[in-house]
Amino acid sequence: MSGPIVGRWVAEQMNGSFSETTSTAIGLQKETGEIIAGVMYENWNKRSVVAHMAITGRITKAYLGAIFRYAYEKCGVNKVILPVSSGNDKSNKFVKHLGFTEEARVKDADPAGDIIIYTLAKSDCRFLGQEYA
């Protein structure tokens with residue numbers, strides 16, 4: 001599932017916004033049609049792309065493969081940038097588990113504290129192999 005419905009869902013989860021003209025999104029839904037995960041991509045500059053991720057249910061290996069293949073293969077970037085609130089312990093733990101590393105921190109830029117800028121280079125992404133197809 002992709003498109004504006006997913007993008008608006010991700011934006012709603014993070015109290016942000018989605019632009020159909022400058023962003024795209026990939027989602028995962030239950031058989032009932034309920035969205036349980038989404039990644040919104042924006043600010044693609046041919047070397048990197050900024051991603052925003054929201055997850056409320058169990059994701060699959062195929063979904064992980066799809067979201068990273070989109071960024072690295074379809075968009076052709078070398079790095080995915082993922083901003084996360086320092087106050088969101090669950091998300092910080094999850095993105096580190098995915099292999100993202102903290103590259104920068106913007107002090108007092110979020111209502112809950114800082115915005116941590118995580119990045120993941122294509123060469124460090126383990127979700128591009130056949131196991132995640």
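What relative accessible area does Gly-87 have?

**View 1: Gly-87 sits in the loop between strand 4 and helix 3.** Its relative accessible area is 46%, so Gly-87 is partly exposed (buried is under 20%, exposed over 50%, partly exposed in between, with a 1.4 Å probe and protein chains only). Asp-110 is 23 residues away from Gly-87 in sequence, but their C-alphas are 8.5 Å apart in space. As for the ground rules, this is a predicted model, with local features needing pLDDT of at least 70 and side-chain atom pairs counting only at 80 or more, while totals for chains, interfaces and linings use all residues. Numbering starts from 1 along each chain as its sequence is written, and side-chain values use heavy atoms, leaving out hydrogens and water. Helices (H or I, at least four residues) and strands (E, at least two) are DSSP runs, numbered from the N terminus.

**View 2: The largest pocket comes in at about 730 Å³.** A pocket here is an open set of points on a 1 Å grid over the protein atoms alone, with protein on both sides within 12 Å along at least five of seven lines; its volume is the space filled by probe spheres on points joined across faces, edges and corners. There are 22 lining residues (an atom within 4 Å of a point), and Met-53, Ala-54, Val-84, Asn-88 and Ser-91 are the closest to the pocket's centre. Strand 3 (48-55), strand 4 (79-85) and helix 3 (89-98) each chip in at least two lining residues. By class, the pocket lining splits into 13 nonpolar, seven polar and two charged residues (Asp, Glu, Lys and Arg are charged; Ala, Val, Leu, Ile, Met, Phe, Trp, Tyr, Cys and Pro nonpolar; the others, Gly among them, polar).

**View 3: One cavity of 30 Å³ or more turns up in the whole structure.** A cavity is a set of grid points where a 1.4 Å probe fits but can't get out. The largest cavity has a volume of about 40 Å³. Around it are Val-39, Tyr-41, Ala-51, Met-53, Ile-67, Phe-68, Ala-71, Val-80 and Phe-100. Strand 2, strand 3 and helix 2 each give two or more of these residues, and helix 2 has the largest share, with three. The nine lining residues are nonpolar, with no polar and no charged ones.

**View 4: Helix 2 (residues 61-74) has a kink of about 25 degrees, centred on Phe-68.** The bend is the angle between axes fitted to the seven residues ending at a residue and the seven starting there. On the buried side of the ledger are Tyr-63, Leu-64, Gly-65, Ile-67, Phe-68, Ala-71 and Tyr-72. Those buried residues pack (heavy atoms within 4.5 Å) against strands 1, 2, 3, 4 and 6, plus helix 3. Just past the helix, Gly-76 has a positive phi of about 70 degrees.

**View 5: Helix 1 (residues 4-13) buries Val-6, Gly-7, Trp-9, Val-10 and Ala-11.** Strand 1, strand 2 and strand 3 are among the elements covering those residues. Right after helix 1, Asn-15 takes a positive phi of about 55 degrees.

**View 6: Asn-43 and Asp-108 have positive phi without being glycines.** Asn-43, at about 55 degrees, is in the loop between strand 2 and strand 3. With 54% relative accessibility, Asn-43 counts as exposed. Asp-108, also at about 55 degrees, lies in strand 5 (residues 101-110). Its relative accessibility is 70%, so Asp-108 counts as exposed.
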